[in-house]
Amino acid sequence: MRCARLLLQRSHALYRRTVNTWSAVGAAFNVQHQRLEHLQKNVGLFGVSELSSPAGFQMALCQALREAEVLVHRACTHPPCAVTVDTFDQLSDSLCKVADLADFIKVAHPDAAFREAAERTCVDIGTVVEKLNTNVDLCQSLKNLLGSEAVLATLDPVTRRVAELFVLDFEISGIHLDESKRSKAVALNVKLLDLNHEFLSGSQLPNAVEKQVLPEHIRHCFSIDGDRVQIGGLHADSPNELVREAAYKIFLYPNTSLLLCLDELLACRHELATLVGYESFAHRALKGTMAKNPETVMKFLKLLTEKLSDRTSKDFTMMKEMKKKTHSTNPEVMPWDHAYLSGAIRTEKFNIDPSVYSPYFSLGACMEGLNHLFTQLLGVSFQTVQPKMGELWSEDVRKLALVHETEGLLGYIYCDFFRRPDKPHQDCHFTIRGGRLREDGVYQLPVVVLMLSLPPPSGKTPSLLTPSMVENLFHEMGHAMHSMLGRTRYQHVTGTRCSTDFAEVPSVLMEYFASDYRVVSQFARHYQTGEPLPESLVSRLCESKRVCSAADTQLQIFYAALDQVYHGKPPYRSTTDILREMQEKFYGLPYVYDTAWQLRFSHLVGYGAKYYSYLMSRAVASMVWRQCFLQDPFSRVMGERYRREMLAHGGSKEPMLMVQGMLQKAPTIEDFVDALVLDLDATKPLV
């Protein structure tokens, strides 16, 4: 596919343009898209010809299963050597190309028929993977490889690590067990799929009460359905304390069936982990991560709590003083007050109005800014690509190619940025196809989707972003760069396919760039006048983010600690009792009787025992920023080191070794804690 050629421009030339004259990248996002010519041939979603209709998922699945059958036979019969690992990676790639694509389409496609077909495909692929993970002959081919000293001597370190990672996948599925226990492990995995789905669905459902339960003057704040009021969220930012309190108590009111579901989910995870030889689910989940084990995680969380203690107390004292000003009948700060009061303090101190910033942050300008930053740091740039008929799931999606100045095309990024009906309100990165070196010597280019929830352009007004939207854009683009620049030989470890506590480092690091005026000044221009964003506005924004930041961090520590205890050894008490205990120990605001916040903790599904990853990744990102980019955020030397030491390896290298290579020292847990505290204590913007 030929790409529209984008002329690279340096910053001194890029912004000496007339207002509303954009580069190809800026124009792609700041003007409304022309419709695709419907007379063209339908090439199928992402260019996969079978996916021109929902029925194509079954065709793609059958093709993948045929390929898998051939590859399984080859892996089981070929003498052990490096080719064995290549075969396993081909097998993984064949299944992942269908599973990953379906995983995205099931949540993002506007057509219910496509979503349902994708959902069925995900279930079918999951069943196949579970069977493969308990295929004794398949696992034995890898064990023969790793058990032969002569063969091991011929393997490079990456190939050996990937082989070990494949064996780990087998072991956590119980491959080493006898047949009856192995069957039990499969049954537990299947059961967990259902429990995960049930809990995730239930965690997002609203709670309803009779109208008369609520005072009449606040009913209009909620959704009214006949004689009942539906409450589907915490309304944490409402200036009305009674609204916040009612929402908190009703939305978090315990649902008996969901409590039982969570109990069963946690018990099932623990049973599976112990069955396959681990002390707890947390021990199983943390194998191969930066933290390595739950003991290290709890040490990190406890030490951080100790270091933040005085700062957190000061934050809650500030909230209490602010609450007095609201003439509340309850002088104590309650859990439903946290978000509102911290926001009120920020407003009083800095009066940050997002609408003042938005005209300077048109989406096109932000994309040009990212393009400029990546060109300077990494020698890569975006080029706009005209998609073909049927390639996109929505006409407002933009397609970009990432091109290196000497290496050429590196991969494709589909930008699904704009809000639309029934689109999930979540910002996330999806791998559609992982990069790998194919058997013919050609590199399989990675393909990813970035999904945001931005306002679409309207008439002559481009999409205008709030500061938080800009930060989210930079964050997700950090994941995309990880996927694009992780040029691994094996797709099993490509890009973001690494430990969870490392995968967030590149994305969080980009948030530091988004807060640095030297970076922001390169692209933030008023979309009508061309006026640059004043430095004082960025400084105030950075300072405002530190208001009550210790209390905000402590809340995250509480969530992470709760997650660890839930996935440790069974405490033989209710999840609500554990919640109360952890809240008293790690938060600072009181537990509210007859509430069950844990039933809204949807991260327990995708981030079970790994919620701490957000904090640990931020600590690493902070250290990388301060040591490597604070002095010069456009440094090519540091950019190349960043690619070489952290981005290039995906999951093919131990995560802590990648951090050590970047920082040129081995960081300790104490270093991680100090980095987070240093961020909170900074009195000036990170410039």
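The following exercises with worked solutions concern backbone angles and salt bridges in a predicted model.

Local features require pLDDT of at least 70 and side-chain atom pairs count only at pLDDT 80 or more, while totals for chains, interfaces and linings use all residues. Residues are numbered from 1 along each chain as its sequence is written, and side-chain values use heavy atoms, with hydrogens and water left out.

**Exercise 1.** Determine what is noteworthy about the phi of F46, and where F46 is placed.

*Solution.* Begin with the general expectation: most residues other than glycine have a negative phi. F46 is not a glycine, yet has a positive phi of about 55 degrees. Next, locate the residue: F46 is in the loop between helix 2 (24-30) and helix 3 (56-77). Helices (H or I, at least four residues) and strands (E, at least two) are DSSP runs, numbered from the N terminus. Finally, classify the accessibility: F46 is at 13% relative accessibility and therefore counts as buried. Buried means under 20% relative accessible area, exposed over 50%, and partly exposed in between (1.4 Å probe, protein chains only).

**Exercise 2.** Carry out the analysis for D594: is D594 buried or partly exposed?

*Solution.* D594, although not a glycine, has a positive phi of about 65 degrees. D594 is placed in the loop between helix 23 (575-586) and helix 24 (603-606). Its relative accessibility is 32%, so D594 counts as partly exposed.

**Exercise 3.** Describe the salt bridge of D93 with R436 and the network to which the two residues belong.

*Solution.* A salt bridge is a side-chain nitrogen of Lys or Arg within 4 Å of a carboxyl oxygen of Asp or Glu. The structure holds 40 salt bridges. In the one between D93 and R436, the closest N and O atoms are 3.0 Å apart. D93 lies in helix 4 (residues 82-108) and R436 in strand 8 (residues 436-437), so the pair ties together parts that are 343 residues apart in sequence. D93 counts as buried at 2% relative accessibility, and R436 counts as buried at 6%. Lastly, a network of salt bridges links D93, K97, R436 and E439.

**Exercise 4.** Which parts does the salt bridge of E407 with R643 tie together?

*Solution.* The closest N and O atoms of E407 and R643 are 3.0 Å apart. E407 lies in the loop between strand 5 (398-404) and strand 6 (408-418), and R643 in helix 26 (residues 636-647), so the pair ties together parts 236 residues apart in sequence. E407 is partly exposed, with a relative accessible area of 43%, whereas R643 counts as buried at 10% relative accessibility.
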